[in-house]
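Hi,

Here is the structure I promised to pass on. Have a look at it first, and my notes follow underneath.

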Amino acid sequence: MEPKMELTRAAFDDLRRSIHRLCGIALSEDKEYLVRHRLEPVVRRCGCRSFDEFRAKLAGSEAVQLQEAIIEAITTQETSFFRDRHPFDALRQRILPELVRTRRGTAGPARRPIRIWCAATATGQEPYSLAILIHELTGGAPPGGPSPEDFAIVATDVSATALATARAAVYDRRHVERGLSAGQIHKYFEHCGDHWVVRPALRKLVEFRRLNLIQPFNNLGVFEVILCRNVLIYFDDATRRRICDQFFAMLADGGWLLLGSAENLYGISDRFTSVRFGDTLVYQKPPRASAP
C-alpha cells in the first residue's frame, strides 16, 4: 500500500477554492479527509508526487484536463431508481395528473409537451424512473387521453462520465433491483447477459445534456416540473439563491420544484409556495392570477 500523500494547509485551501469555482461545492475546513480520499488517486494518475505539485500543475497547460478530473472525482453520484419513493408518489398521484388536466383544454401549437427537468441526473436512474411513471400513468388512459409523447424529460449533470452511463442505459442486477419491482424490470428493461438495458420506449422520452449548475442555464427553456434533489446541500447560500432564482424564472406559472428530503428553501427563497403531499414537501411557483 502506498503511503498517504502530505496535504498541506495551503494546498487544501487552494483545492477547496478550486472545487468551489469549478462546480459550486462548498467544502468546510473539516473536509480534509474528503479531499484527500477523492483527489489522491487523481494526483497519482497525473504523475504528481504531492498535492502541492498537483496544485502547481493546475496552473499549467494541463489545467483543463485536471479540472475535469477534479469535477469527476469530487461530485457525488449516489442515486437509485425511485429514490425515496414518496416524491414519485406525489408526482404520480397529484402533480402529473393535475398538469394533464390543465393541458386538456389546450389545443393547436400551444399544446407542447409537459416538460420535466432532472437537474442532477447522475447515472440516469431518476429520469428513467420518471419515464416509467409516465408510462404507468398513461398506460390505462382512454382514447384521446394522455400519452407518453405528451411529456418530455431533460436530464443534466456536470459529470461527463455519469452522463455516459445514463445515455448507455445499461445497469447491473444490483442497480435494477434497488427500487424497481420484478414487473417493472420485466416490462421496461431488456435482459442482456449480466445486465439490463432500458427499453427504447423509455429512452426516447429523455434528452441528456451536460450542464454545470453554477453557470447560467436559463437557455434550457420553460418547465412544468424541476427536480433538483440532494444537490443544493453541497452549495453555499449565495449559490443556492442564484440557482433557485433561475429555477423560479424557468418554471411555468403553477410549476413545481422538488428538492431532496434534507433540503428546503428556508432562508433561500420566499417566492415559492410550499405544499405538502403526504411525506413530500414540494414548492410551487404561484399560478398567474386569472383576468377578471
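**Helix packing and a few loop residues**

H2 and H4 are oblique to each other, where angles under 35 degrees count as roughly parallel, over 145 as roughly antiparallel, 65 to 115 as roughly perpendicular and the rest as oblique. Before going on, some ground rules: this is a predicted model, local features need pLDDT of at least 70, side-chain atom pairs count only at pLDDT 80 or more, and totals for chains, interfaces and linings use all residues. Residues are numbered from 1 along each chain as its sequence is written, and side-chain values use heavy atoms, with hydrogens and water left out. Helices (H or I, at least four residues) and strands (E, at least two) are DSSP runs, numbered from the N terminus.

**H2 against H4, and H1 against H2**

Back to that first pair. Helix H2 covers residues 32-45 and helix H4 covers residues 63-74; they pack at an angle of about 135°, and their axes are 9 Å apart. (Axes are lines fitted to C-alpha atoms, for helices over the stretch in contact, and angles run from 0 to 180 degrees between N-to-C directions.) The crossing of H2 past H4 is right-handed, meaning that the near helix is turned clockwise from the far one by less than a right angle; anticlockwise would be left-handed.

On the H2 side the residues involved are Leu-34, Arg-38, Leu-39 and Val-42, and they meet Ala-69, Ile-70, Ala-73 and Ile-74 in H4; contact means heavy atoms within 4.5 Å. By class, that contact of H2 with H4 has seven nonpolar, no polar and one charged residues. Here Ala, Val, Leu, Ile, Met, Phe, Trp, Tyr, Cys and Pro count as nonpolar, Asp, Glu, Lys and Arg as charged, and the others, Gly among them, as polar.

H2 also packs with helix H1 (residues 9-23), at an angle of about 75° and with the axes 11 Å apart. That makes H1 roughly perpendicular to H2. Phe-12, Leu-15 and Ile-19 in H1 meet Glu-32, Val-35 and Leu-39 in H2, and by class this contact has five nonpolar, no polar and one charged residues.

As for H4, the twelve residues reach 16 Å from the first C-alpha to the last, close to the 16 Å expected at 1.5 Å a residue; the expected span is 1.5 Å times one less than the number of residues. Its buried residues are Ala-63, Leu-66, Ile-70, Ile-71, Ala-73 and Ile-74, where buried means under 20% relative accessible area, exposed over 50% and partly exposed in between (1.4 Å probe, protein chains only). The cover over them includes H1, H2 and helix H3 (51-57).

**H5, H6 and His-135**

Helix H5 (residues 86-104) and H6 pack at an angle of about 50°, with their axes 11 Å apart, so these two are oblique to each other. H5 passes H6 in a right-handed crossing. Phe-88, Leu-91, Arg-92, Leu-96 and Pro-97 are the H5 residues here, and among the H6 residues they meet are Glu-126, Leu-130 and Leu-137. By class, the contact of H5 with H6 has eight nonpolar, one polar and three charged residues.

How enclosed is H6? Twelve of its 15 residues are buried, so H6 is largely enclosed by the rest of the structure. The buried residues include Gln-125, Tyr-128, Ile-132 and Thr-138.

His-135 lies in H6 too, and at 18% relative accessibility it counts as buried. Leaving aside neighbours within four places in sequence, His-135 is in contact with Pro-148, Tyr-188, Ala-201, Leu-202 and Leu-205.

**Loop residues**

Two residues in the loop between H4 and H5 have positive phi without being glycine. Phe-82 sits in that loop with phi near 50°, and it is buried at 3% relative accessibility. Arg-85 lies there as well, with a phi of about 60°, but it counts as partly exposed at 32%.

Finally, Ser-159 is in the loop between strand E2 (151-157) and helix H7 (160-168), and is buried with a relative accessible area of 1%. Which residues does Ser-159 touch, not counting those up to four places away in sequence? They are Glu-72, Thr-75, Gln-77 and Arg-210. The C-alpha atoms of Ser-159 and Thr-75 are separated by 7.6 Å, although the two are 84 residues apart along the chain.

Cheers
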